Amino acid sequence: MFYRFILSFLFIVFSANVSARLEILITEGVNSARPVAVVPFQWVGAGDKPDNLSDIIAADLQRSGQFNAIAIAKMPQTPSKSEDINYALWHKAGVEVIVIGTIQAAQDAGQYIVSYQLFDVVKGNVDIEGYNPLLDQGRSIVKTEQLRPLAHKISDIVYEKLTGVKGAFSTKIAYVAVDRNDEHPFQLRISDYDGYNEKTILRSKQPIMSPSWSPDGRKLAYVSFEKRRSEIWVQDLFTQQRELITQYPKINGAPSFSPDGKELAIVLSKDGQPDIYTINLTTKALRRITKSRVIDTEPSWAPDGQSLVFTSERGGKAQVYQVTLATGKIKRVTWQGDVNLGGTITPNGDSLVVVTRHQGDYKISVQDLNSSELRTLTKTQLDESPSIAPNGSMIIYSTVYKGKQGLALVSMDGRFKANIPALNGEVKSPAWSPFLN
């Protein structure tokens, strides 16, 4: 978290270890979710079935916290055709929705025809004319490397059909990994939201911090110390071209893309204490937003782009404030809790996700912006750097798990929790991408 970094700016000590692919370990919340069944897709072809799409879809739905994907061993049958579904059996098993499908080898080598159907068990079980249990269906021809993305796409469709909210399983996360034994120990990586398809986009001998996605998902802004001082860079993820944005004396930090992608909100201390600025990415025009004798940091844009929330000590202890960009008017947003840091407004604009310090522990909390009610979502002690899924359903954050810094997930209602430790080493500073399709 950038606030804590600033406090220790002169005494930086960075933890380090190796990092590999991430692994999601669900710890809480499955039993209260809606029961669904993703029946193993039937393989129509010779040899082994390619990627098991039904396993990926079931895992996606389970990790959303909204659904409990029942185990294959508990399924009363494993149909692959609609006419083979016995709705009475599924209803008796307490399942609300069934996903079935097939994977068929296409005529061209290395391509597959994937079909799926989504059925409402309740409608199917009542068997009333006009009550069609088919909720959705689809068919795609994809290459081998497109099977896993297709599974996430099917998960997105199923999630939206059942919740009315767009699924976020086809998104990515960016994070910082550290390997003390590597020649370039600090690495900026991106992966699918579930840790697969990990790619390293920057290796450095010096620390990397605060990755932030552009709203089109094409670029990342981040802080790099590669020249032994803080600098803000923007990197194109497709061309790998990098652009140096700021390298002012002392702190250059906490970049955050504006919703239209034209500006960054940043923290600079070139004029004294850390303050909030915005910089136009085309003209490089710099605008000072705050001017105080205390620390102002961790800016984050409101979804409408008309204001910024940020962490400030202007009230004595760190709390979250909001500044209206047109007028410069500043108001305090958080009032409960000893300290509140790293505020981010949810995509629908209704709530604020923060790190709250209570009795010395740092936990992820969410505050209703209308009622000011603050709810603590996590039970861990050293949570930081929350980042919200683009559909507002989940939060990914840094925490300490079994003595090592890793990532974790919590649903916006706090009922579902999962740890995402690296298989080796430590990871931190997660940033959830926007929708990518």
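**A pocket, a buried threonine and two open sheets**

The lining of the second largest pocket is made up of six nonpolar, six polar and five charged residues. Keep in mind as you look around that this is a predicted model. The pocket itself has a volume of about 340 Å³. Its lining counts 17 residues, and those closest to the pocket centre are P149, L150, H152, S170 and N437. If you would like a landmark for finding the pocket, try helix α5, which spans residues 147-163. With five residues, helix α5 gives the most to this lining.

From the pocket, let us move to a single side chain. T102 sits in strand β5, which covers residues 97-105. Is T102 buried or exposed? Its relative accessible area is 18%, and because the cut-off for buried is under 20%, T102 counts as buried. Who surrounds this threonine? Leaving aside residues up to four places away in sequence, T102 touches F41, Q42, S80, I113, V114 and S115. You can select these residues together with T102 to see the contacts for yourself.

Next come the sheets. As a reminder, strands in a sheet pair through backbone hydrogen bonds, in either a parallel or an antiparallel way. One open sheet here has four strands, in the order β19-β20-β21-β22, and its pairing is antiparallel. Which strands stand at the edges of this sheet? They are β19 (296-301) and β22 (330-332). Each of these two has a single partner strand, so one side of each is left without a neighbour in the sheet. On average, and with direction ignored, neighbouring strands of this sheet are turned by 30 degrees against each other. For a closer look at one pairing, follow strand β21 (residues 319-324), which is joined to β22 by three bridges and runs antiparallel to it. Along this pair, Y321 stands opposite R332 in β22.

Another open sheet, also of four strands, has the order β23-β24-β25-β26 with antiparallel pairing. Its edge strands are β23 (339-345) and β26 (374-376), and each of them pairs on one side only. Neighbouring strands in this sheet are turned against each other by 30 degrees on average, again ignoring direction. How many bridges join β23 to strand β24? There are five, between β23 and the antiparallel β24 (residues 351-358). Here L341 stands opposite V355 in β24, which gives you a handy residue pair for tracing the two strands side by side.

Conventions: Residues are numbered from 1 along each chain as its sequence is written. This is a predicted model: local features need pLDDT of at least 70, side-chain atom pairs count only at pLDDT 80 or more; totals for chains, interfaces and linings use all residues. Side-chain values use heavy atoms; hydrogens and water are left out. On a 1 Å grid over the protein atoms alone, a cavity is a set of points where a 1.4 Å probe fits but cannot get out, and a pocket is an open set with protein on both sides within 12 Å along at least five of seven lines; lining residues have an atom within 4 Å of a point. Grid points are joined across faces, edges and corners, and a volume is the space filled by probe spheres set on the points. Ala, Val, Leu, Ile, Met, Phe, Trp, Tyr, Cys and Pro count as nonpolar, Asp, Glu, Lys and Arg as charged, and the others, Gly among them, as polar. Buried means under 20% relative accessible area, exposed over 50%, partly exposed in between (1.4 Å probe, protein chains only). Contact means heavy atoms within 4.5 Å. Two strands pair if DSSP finds at least two bridges between them. Axes are lines fitted to C-alpha atoms, for helices over the stretch in contact, and angles run from 0 to 180 degrees between N-to-C directions.
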